[in-house]
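Student: Hi! I have a new model open and would like to talk through it with you. Could you help me find my way around?

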Amino acid sequence: MRASLLIAAKDLRQRLRDRSVLVFTLVLPLGLGLVFSLVLGDLADGNDVFRYAVADADGGQVAAVFTHQVLPAASEGGAITVRTASSTQEALRLVDDGDVTAAFILPPAFTARVMAGQEAVIEVVGDVDAPLGTGVARSLAESFTARLTSVRVSVAAALRAGSTRDPARLAAEAASVPDPLRQVEIPASRRELDATTYYAAGMSVFFLFFTVQFGVTSLLDERRAGTLARLLASPIRPLSVLLGKLITSLVVGTVGTAVLVAATSVLMGARWGHPVGVGILVLTGVLAATGVVAVVASLARTSEQAGGWQAVVAISLGALGGAFFPVAQVGGPLAVISLVSPHRWFLRGLADLAGGDVRAVLPSAGALTAFALVGFGTAYLLGRREVRL
Amino acid sequence: MTTDTPEVLSCKGLRKRFDDVTAVDDVSFTIAAGETYGLLGPNGAGKTTIISMVAGILRPDAGDVLVEGVPVSTRTTEPKGRIGYVPQELAVYPDLTGRENLTFFARLQGLSRVAAARRVAHVLGVVGLTDRADDRAEHYSGGMRRRLHIGMGLLHEPILLVLDEPTAGVDPQSRNAIMDNIRELAHSGLAILYTTHYMEEAERLCDRVGVIDAGRLVAEGTRRELVALLGERDRISLSVDGDLGHAEDVARLVPAVLGVAARGRGLELLVHDARQCLPAVLSALAEEDVRVRAVEVDEPNLETVFLHLTGRALRG
Ligand SMILES: Nc1ncnc2c1ncn2[C@@H]1O[C@H](COP(=O)(O)OP(=O)(O)O)[C@@H](O)[C@H]1O
Ligand SMILES: [Mg+2]
C-alpha cells in the first residue's frame, strides 16, 4: 500500500504540472455545462418546471373536477404551474407566445358527453419545442379521461340501482376519487432535475470519463517511457503499480467532480441534492468510470490509442446515458438501451435523490459499483501481462 | 578470474523464447563482488533479455537467477532491493525534477524520507547533477539525463548494479564520465553487470567478458583469455576507397582470410598469418580495382575474437 501511495503521489504531482488535467476536470465541464443549461434551459427550469394553461369551454361539473381538483393537486409539489385562460383562443395564444408549455382545452359538452356515456377527450396543445412538458401534460389529461371510463360505468350502475341523486354530481364525485394512476404521475414529474442541475451533472459525469484516464492510462506512458520497467524492478509487488494508478484515477476523478459540484452550485445555481447521496453517487461514479477506462487502457497498446478509444467510449456512453440530452425521458427502446451507460445511472441516481430520500440513490449506486467491478475484473484479466503479474 | 570472492550474481541455464525467436539460449555465468562483467554482443543478441531476467522483470522459460543465493523472480520483492537496475531505455520522468525523480525511486526502494533525502543528495553528487537538481529533467541535456538515469540505480546502495548499454546515444564526453563513474563504483566493491555492443567499452571496463551471439554465450573470460582463443591468428586493418561492401566480398574470397568485417572506412580481416597472406589480399583487391590507402597489422582485440567466433562483425 505504501508503494501504491507513493506512485499515486508521484502521478498526482505530474498531473498537476500538466495543464490538460485542469482543462478536462474544470474548464471544459464548467463551460459546456453553462452553455447547455442556457441553451436548453427552456426544457425545464427550476420549480417552474412546466407551465400550463387551462381553458374550460364546458363549464360543467366533470370539467370542474379537472380544473379545480386534479390540476391544483398536480401543482402542489411545485412541479407544474397552471393558469386559467378565459377562452380556448387565449390558451392557444399563450402556447404560441411561449408563455406556457402546453394548454389543456376542455371542449364544450365535455360533461354532457361523460353523462351520456360517450367518449370525452381533453385536448392538449403543446409547444413542439418542449416535448417533455407536453408529454407530461398529455399523460395528466389521459390519466383523467381514462378514469372517466370507469366513472361512466359506476354512474350507470348507480342509476340502474335507483339512485335519485343528480347524475352529474355523482359523476363528479366518482371522478374526484383519488386514483393510483395519478399518484404515479406526480412523483414522476417531481423526480426530475431542473435543467441547470441536469446539465451540470451531465457535463460532470461526461468529463469524469476523461479525467480518470489520467491515472490508469499513464501506465501505458510509463511502459513506453521505460519507467514501468524501473517500477517493476523495484522491491514492490507488481500489483502495487496497478493499485497506485487506480488511486490516482480515483483521486483525480473525485476531487475534480467535487470541485464541479461546488462550482456549478455556486456559479450556475445547480441543486445536486443531499450531500451524502451526492457523495455516494460521485464515489461510485468515479469507480465505474475508472473501471470502464481501465478496460479500454488494457486493450490499447499506446496511451494515444487508449486516449482515442476512450474518447469514443466516453462520448458514446455519455450520449446514450443522457449527458447531453435526457434520453431516459424520451422513453422507448433508447431509454432501455441507455441502461448500459453508467452516465444514465449516475443521472438517474441524482434524479432519485431529488425526491429527498438519500436511500433512493442506492439502486443507482449499486449499478455503478457493478460497472466498476466488472471493469476492474476485465482490465485485470486483460492487463495483468503488462505488469507481468 | 579465479578468486575466493563469493558470487553476488549467479545465472544458471537461462532460456527465453518470444514466439519463434529464441532470444536467450541456455546462458549461465556468475559475477563476484567487485567484479565488472561485460556482456558483449551485437544488437538483437539477447543482452537486454538476459538483463531483464536478472532484474526480475521478465520471467525466464527456464533457469534461475540468484543474487547472493536468493532467487530473483518477477514475484519476489526482497532480492530486488539488492539490485540496482539501469534499463537500456532512458527511464526518467521528464516533468519531474532530477531530485524528484531520484526521491521517488529512493522511497520506492523503502528508504524513509530522511534517508532518501540523504542518499539523493549523495547520488546527485556522484552523477554531477547537484547544481541542476531542481530543474525538470526535460530541460536537461541528453548526457545529463543519462547520468540521472544511471544515478537512479544507485540510490539504495545495491550490491549488484545492472547496466544495459548505459552509453547508448551519449556524447563522447558524457560517455567518458559515465565510464569513470562505473569504474569507481566497481572499486567500491559493487558487482557490475554491463552490456554493450562497443568492444572498446568492454575492453576498458570489464574484468571479464561474456561474448553473446544469437542468444548464446559463445565464449567467456578475461580479455587475455579471449584473445588467446585466437591462437596464432592476426588482425589486419585496411583503409580502402570506394565500395566497402564490394571490397568486403573480394577479401572474403581470399583463401587465408578467416573473417571479414567492415568497420568505418575500412575492413578488419582475421587471418592465420598476416605476413604470409597480406600479399594475396592486396593483389586480390587490386585486381578488383579496390584502392587500399593504409595497411596495419594489429594485436587482436575483442572485435577480432567476435569475428573469429561468429564469422561476423560485432557492428555492421
Ligand atoms: N518482447 C519481445 N517480444 C518479441 N521478441 C523480442 C522481445 N524482446 C526481444 N525480442 C527479440 O529477442 C531477441 C533479443 O533481443 P534483445 O534481448 O533486446 O537483444 P539485445 O539487447 O542484445 O539487442 C531479438 O531478436 C528481439 O527481436
Ligand atoms: Mg538491448
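Tutor: Happy to; we can take the ligand sites, then the domains, then some single residues. Keep in mind that this is a predicted model.

Student: Got it. Which residues surround ligand 1?

Tutor: They come from chain B: F18(B), V21(B), A23(B), P42(B), N43(B), G44(B), A45(B), G46(B), K47(B), T48(B) and T49(B). By type, that shell divides into five nonpolar, five polar and one charged.

Student: Which helix or strand gives the most to that shell?

Tutor: That is α1(B), with three residues. Strand or helix, two elements of chain B supply at least two residues each: β2 (21-32) and α1 (47-54).

Student: And what do the oxygen atoms of ligand 1 sit next to, say at G44(B)?

Tutor: At G44(B), a polar backbone atom is 2.7 Å from an oxygen atom of the ligand. A polar backbone atom of A45(B) is 3.2 Å from a ligand oxygen. With T49(B) the partner is an N or O atom in the side chain, and the distance is 2.5 Å.

Student: How much of ligand 1 does the protein bury?

Tutor: The protein buries 60% of the 550 Å² that ligand 1 exposes when taken alone.

Student: Moving to the metal. What are the protein donors of the magnesium ion?

Tutor: The magnesium ion is ligand 2, and its protein donors are OG1 of T48(B) and OE1 of Q88(B), at 1.9 to 2.2 Å. These two are 40 residues apart and link distant parts of the chain. T48(B) is in helix α1 of chain B, while Q88(B) is in the loop between β6 (83-86) and α2 (98-108). You may recall that T48(B) also belongs to the shell around ligand 1.

Student: Are those donors buried, exposed or something in between? What is the relative accessible area of T48(B)?

Tutor: T48(B) has 32%, so it is partly exposed. Q88(B) is partly exposed as well, because its relative accessible area is 30%.

Student: Let's zoom out. Where are the domains of chain B?

Tutor: Domain 1 runs over 7-228 and domain 2 over 234-299. Their C-alpha centres lie 37 Å apart.

Student: I want to check the backbone too. What is odd about D19(B)?

Tutor: Its phi is positive, about 45°, although D19(B) is not a glycine. Most residues other than glycine have a negative phi. D19(B) lies in the loop between β1 (7-18) and β2 of chain B, and it counts as exposed because its relative accessibility is 74%.

Student: What about the phi of D289(B)?

Tutor: D289(B) has a positive phi too, about 60°, and again the residue is not a glycine. You will find D289(B) in the loop between α9 (274-287) and β14 (292-298) of chain B. Its relative accessibility is 71%, so D289(B) counts as exposed.

Student: Now T195(B): buried or exposed?

Tutor: T195(B) counts as buried, because its relative accessibility is 0%. The residue is in strand β8 (residues 191-196) of chain B. Its side chain makes a polar contact with the side chain of D164(B), at 2.7 Å.

Student: Nice. Over to chain A then. Where does G269(A) lie?

Tutor: Look in the loop between α13 (238-268) and α14 (275-299) of chain A. G269(A) has 34% relative accessibility, so it counts as partly exposed. Its C-alpha atom is 49 Å from that of M115(A), and the two residues are 154 apart along the chain.

Student: And V261(A), buried or exposed?

Tutor: V261(A) is buried, because its relative accessible area is 15% and the cut-off for buried is under 20%. V261(A) is in helix α13 of chain A. Between the C-alpha atoms of V261(A) and R271(A), 10 residues apart along the chain, the distance is 9.0 Å.

Student: Last one: how many residues along the chain separate F325(A) and Y199(A)?

Tutor: They are 126 residues apart along the chain, with 8.4 Å between their C-alpha atoms. F325(A) is in the loop between α15 (303-321) and α16 (327-330) of chain A. With 42% relative accessibility, F325(A) counts as partly exposed.

Terms used: Residues are numbered from 1 along each chain as its sequence is written. Chains are lettered from A and ligands numbered from 1 in the order in which they are written. This is a predicted model: local features need pLDDT of at least 70, side-chain atom pairs count only at pLDDT 80 or more; totals for chains, interfaces and linings use all residues. Side-chain values use heavy atoms; hydrogens and water are left out. A residue is near a molecule or strand if one of its heavy atoms lies within 4 Å of it. A polar contact is a pair of N or O atoms within 3.5 Å; within protein, one must be able to donate a hydrogen and the other to accept it, and residues adjacent in sequence count only if both atoms are side-chain atoms. Accessible areas come from the Shrake-Rupley method with a 1.4 Å probe; for residues, only the protein chains shown count as cover. Helices (H or I, at least four residues) and strands (E, at least two) are DSSP runs, numbered from the N terminus. Ala, Val, Leu, Ile, Met, Phe, Trp, Tyr, Cys and Pro count as nonpolar, Asp, Glu, Lys and Arg as charged, and the others, Gly among them, as polar. Donors are N, O and S atoms within 2.8 Å of the metal (3.2 Å for Na, K and Ca); water is not among the atoms, so sites may look incomplete. Buried means under 20% relative accessible area, exposed over 50%, partly exposed in between (1.4 Å probe, protein chains only). Domain bounds come from an automatic or database domain assignment.
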